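The following report introduces a protein structure to a reader who has not met it before. Please view the sequence and the structure together before reading on.

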Amino acid sequence: MAVFKKYLSLQSHGETPTFINITSELRAAIAESGIREGIATVISPHTTCAVFFEEFVHDVDENGTEFLQNDLNAVLAKIIPDQTAEGQYQYPGEAHYKAVENWEDAESYLPGGDRTALWNCDAHLKATLVGSSETFEVADGKLGVGTTGYCYFADFDRTRPRTRKCTIIVMGE
């Protein structure tokens with residue numbers, strides 16, 4: 001069995017959840033791997049990010065967000081509202097604030113000591129519900145999904161823009 005890995009660097013924009021269509025990168029990784037039959041797994045190592053499989057939607061809003069992603073945001077907001085106030089959620093608690101204040105790169109997480117920069121409990125919970133990975137069939141050297149099936153990376157953290165990582169692992173023969 002062969003194993004092939006490809007690492008993606010993705011940019012989120014902050015302010016609202018960021019959705020990135022990574023289907024072309026997934027297809028390219030499968031082709032580059034040379035694997036004809038097996039599986040491809042897409043994994044996010046970030047606790048506020050998710051990977052999901054959904055239909056490609058041709059309709060987008062004025063910001064370029066697909067309608068299904070807007071609908072996903074609306075549904076998730078009903079069960080997990082955006083964190084906008086201290087005490088709205090238990091996280092982050094005092095012990096977490098103190099731990100982050102001692103990190104080597106604390107300023108990037110708490111600019112100017114602003115604790116509101118850590119108000120992202122909603123992003124953690126949304127990513128937990130959606131999931132951090134997806135596995136796909138590799139059939140005859142191609143991504144084994146239908147015409148409208150696409151793979152998306154989502155960063156639910158609205159606190160600031162970030163560079164995010166994603167790994168594609170292709171295994172098989």
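The report passes from the overall make-up to the two sheets, then to two loop residues and the salt bridges.

## Basis of the description

This is a predicted model, in which local features need pLDDT of at least 70 and side-chain atom pairs count only at pLDDT 80 or more, while totals for chains, interfaces and linings use all residues. Residues are numbered from 1 along each chain as its sequence is written, and side-chain values use heavy atoms, with hydrogens and water left out.

## Overall make-up

The protein contains five helices and eight strands; helices (H or I, at least four residues) and strands (E, at least two) are DSSP runs numbered from the N terminus. Read from the N terminus, the order of elements is β-β-α-β-β-α-α-α-α-β-β-β-β. Along the principal axes, the C-alpha atoms fill a box of roughly 50 × 35 × 25 Å.

Of the 173 residues, 43% count as buried. Here buried means under 20% relative accessible area, exposed means over 50%, and partly exposed lies in between (1.4 Å probe, protein chains only). The accessible surface, obtained by the Shrake-Rupley method with a 1.4 Å probe, comes to about 9,300 Å², and 53% of it belongs to carbon and sulfur atoms. Contact is defined as heavy atoms within 4.5 Å. Among contacts between residues at least 6 apart in sequence, 80% join residues at least 24 apart.

## The two sheets

Strands pair if DSSP finds at least two bridges between them. One open sheet consists of three strands in the order β2-β7-β4, with antiparallel pairing. Strands β2 (18-21) and β4 (49-55) stand at its edges with a single partner strand each, so one side of each has no neighbour in the sheet. From one strand to the next, the twist averages 30 degrees. Four bridges join β2 to the antiparallel strand β7 (residues 149-155), and Ile-20 stands opposite Phe-153 in β7.

Two helices accompany this sheet. Angles run from 0 to 180 degrees between N-to-C directions, and axes are lines fitted to C-alpha atoms, for helices over the stretch in contact. Helix α1 (residues 23-33) lies across β2 and β7, at about 115 degrees to β7. Helix α2 (residues 67-79) packs on the sheet and touches β2, β4 and β7, its direction making about 130 degrees with that of β4.

The other open sheet has five strands in the order β1-β8-β3-β5-β6, again with antiparallel pairing. Its edges are β1 (2-12) and β6 (142-143); each has a single partner strand, so one side of each is left without a neighbour in the sheet. Within this sheet, six bridges join β3 (residues 38-43) to β8 (residues 162-172). Met-171 in β8 is the bridge partner of Ile-39.

## Two buried loop residues

Ile-22 belongs to the loop between β2 and α1 and is buried, with a relative accessible area of 0%. Leaving out residues up to four places away in sequence, Ile-22 touches Leu-8, Leu-10, Val-42, Cys-151, Tyr-152, Phe-153 and Cys-166.

Gln-83 lies in the loop between α2 and α3 (94-101) and counts as buried at 4% relative accessibility. A polar atom of the Gln-83 side chain lies 2.7 Å from the backbone nitrogen of Cys-121. Beyond its neighbours within four places in sequence, Gln-83 is in contact with residues including Tyr-89, Trp-119, Asp-122 and Arg-158.

## Salt bridges

Side chains of opposite charge can pair when their charged atoms come close. A salt bridge is counted when a side-chain nitrogen of Lys or Arg is within 4 Å of a carboxyl oxygen of Asp or Glu. The whole structure holds 11 salt bridges, among them the three tabulated here.

| Acidic residue | Basic residue | Closest N to O distance |
|---|---|---|
| Glu-32 | Lys-6 | 3.1 Å |
| Glu-101 | Arg-115 | 3.2 Å |
| Asp-157 | Arg-162 | 3.1 Å |

Glu-32 in helix α1 and Lys-6 in strand β1 are 26 residues apart, and their pair links distant parts of the chain. Lys-6 is partly exposed at 24% relative accessibility. Glu-101 is partly exposed at 37%, and Arg-115 is partly exposed at 23%. In contrast, Arg-162 is buried at 16%, and Asp-157 is buried at 0%. Finally, Asp-82, Asp-122, Lys-126 and Arg-158 are linked in a network of salt bridges.

Terms used:
Polar contact = N/O pair within 3.5 Å; in protein donor to acceptor, adjacent residues only side chain to side chain.
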